[in-house]
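Got the structure loaded? Let's go through it in a quick round of questions and answers.

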Amino acid sequence: IGLENNIKGFRQKAGVMMQMKRNELTQPLYEKINVAMLEVVNEENFTQIFHADGTSLAFSAEELDITRKVLKKLGVEVKE
C-alpha cells in the first residue's frame, strides 16, 4: 500500500511538473499572439473580442473573425 501511494504521489507530482513546463514553453507564444491580436483589434477599432477557451475564439459572424488577421501579423501563412 505504501508503494502504491508513493507511485500515485510521483504521478501527481510529475503531472504538475509537466503542466508547469508546458506553461513555461507556451507562454512566449501566447504573449506574441496577444500582441498581434491587440494590434488587429486597435487597427479594426474593435471594442470587444470574446475568448471562448484556450484554443479558440468566439465571434458572431464570419466576417468579424480576426483569426486570419492575427495569423498574418504573426507571419503565419494559411492556405485556403
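Q: What pattern does the protein follow, read along the sequence?
A: Keep in mind that this is a predicted model. Its secondary structure comes to two helices and two strands. Put in sequence order, the pattern is α-β-β-α.

Q: Which element of the protein has the lowest mean pLDDT?
A: Overall, the protein averages a pLDDT of 86, and 86% of the residues score at least 70. Split by element, α1 comes out highest, with a mean of 93. At the other end, with a mean of 58, sits strand β2 (residues 57–58).

Q: How many salt bridges does a search of the whole structure find?
A: One of them pairs Glu 24 with Lys 21, and another pairs Lys 73 with Glu 39. Lys 69 and Glu 44 make a salt bridge too. For the whole structure, the search gives four.

Q: Why are Glu 24 and Lys 21 separated by about one helical turn?
A: These two form a salt bridge, with the closest N and O atoms 3.3 Å apart. Lys 21 counts as partly exposed because its relative accessibility is 42%, between the 20% and 50% cut-offs. As for the one-turn separation, it follows because both residues sit in helix α1 (residues 2–44), and their spacing there is three residues.

Q: How many residues apart are Lys 73 and Glu 39?
A: The closest N and O atoms of this salt bridge are 3.7 Å apart. The pair links distant parts of the chain, with Lys 73 in helix α2 (residues 67–73) and Glu 39 in helix α1, so look for a spacing of 34 residues.

Q: Are Lys 73 and Glu 39 buried, exposed or partly exposed?
A: Lys 73 has a relative accessibility of 36%. Glu 39 has a relative accessible area of 38%. Buried needs under 20% and exposed needs over 50%, so the label for both is partly exposed.

Q: Which helix holds Lys 69, the salt-bridge partner of Glu 44?
A: The closest N and O atoms of this pair are 3.3 Å apart. Here too, distant parts of the chain are linked, as the residues are 25 apart in sequence. Glu 44 is in helix α1, while Lys 69 is in helix α2.

Q: Which residues do salt bridges that share partners join into one network?
A: Take the Lys 69 and Glu 44 pair, which sits in α2 and α1. Elsewhere, shared partners give one network, made up of Glu 39, Glu 43 and Lys 73.

Q: Which element gives the most to the largest nonpolar core?
A: The largest nonpolar core has six residues: Ala 36, Met 37, Val 40, Val 41, Ile 66 and Val 70. Four of these come from the top contributor, α1.

Q: Leaving aside its neighbours within four places in sequence, which residues is Val 70 in contact with?
A: Val 70 belongs to the largest nonpolar core, along with residues including Val 41 and Ile 66. Beyond its sequence neighbours, the contacts of Val 70 are Ile 33, Ala 36, Met 37 and Val 40.

Q: What is the accessible area of the nonpolar patch on the surface formed by Leu 74, Val 76 and Val 78?
A: Val 78 lies in the segment after α2. With a relative accessible area of 35%, Val 78 is partly exposed. Together, the three patch residues have an accessible area of about 200 Å².

Note on methods:
Residues are numbered from 1 along each chain as its sequence is written. This is a predicted model: local features need pLDDT of at least 70, side-chain atom pairs count only at pLDDT 80 or more; totals for chains, interfaces and linings use all residues. Side-chain values use heavy atoms; hydrogens and water are left out. A salt bridge is a side-chain nitrogen of Lys or Arg within 4 Å of a carboxyl oxygen of Asp or Glu. Helices (H or I, at least four residues) and strands (E, at least two) are DSSP runs, numbered from the N terminus. Buried means under 20% relative accessible area, exposed over 50%, partly exposed in between (1.4 Å probe, protein chains only). A nonpolar core is a set of buried Ala, Val, Leu, Ile, Met, Phe, Trp, Tyr and Cys residues joined through side-chain atoms within 4.5 Å. Contact means heavy atoms within 4.5 Å. Patches are made of residues with over 30% relative accessible area and no salt bridge: like charges are joined within 9 Å, nonpolar side chains (Val, Leu, Ile, Met, Phe, Trp, Tyr) within 5 Å. Accessible areas come from the Shrake-Rupley method with a 1.4 Å probe; for residues, only the protein chains shown count as cover. pLDDT is the predictor's confidence in each residue, from 0 to 100.
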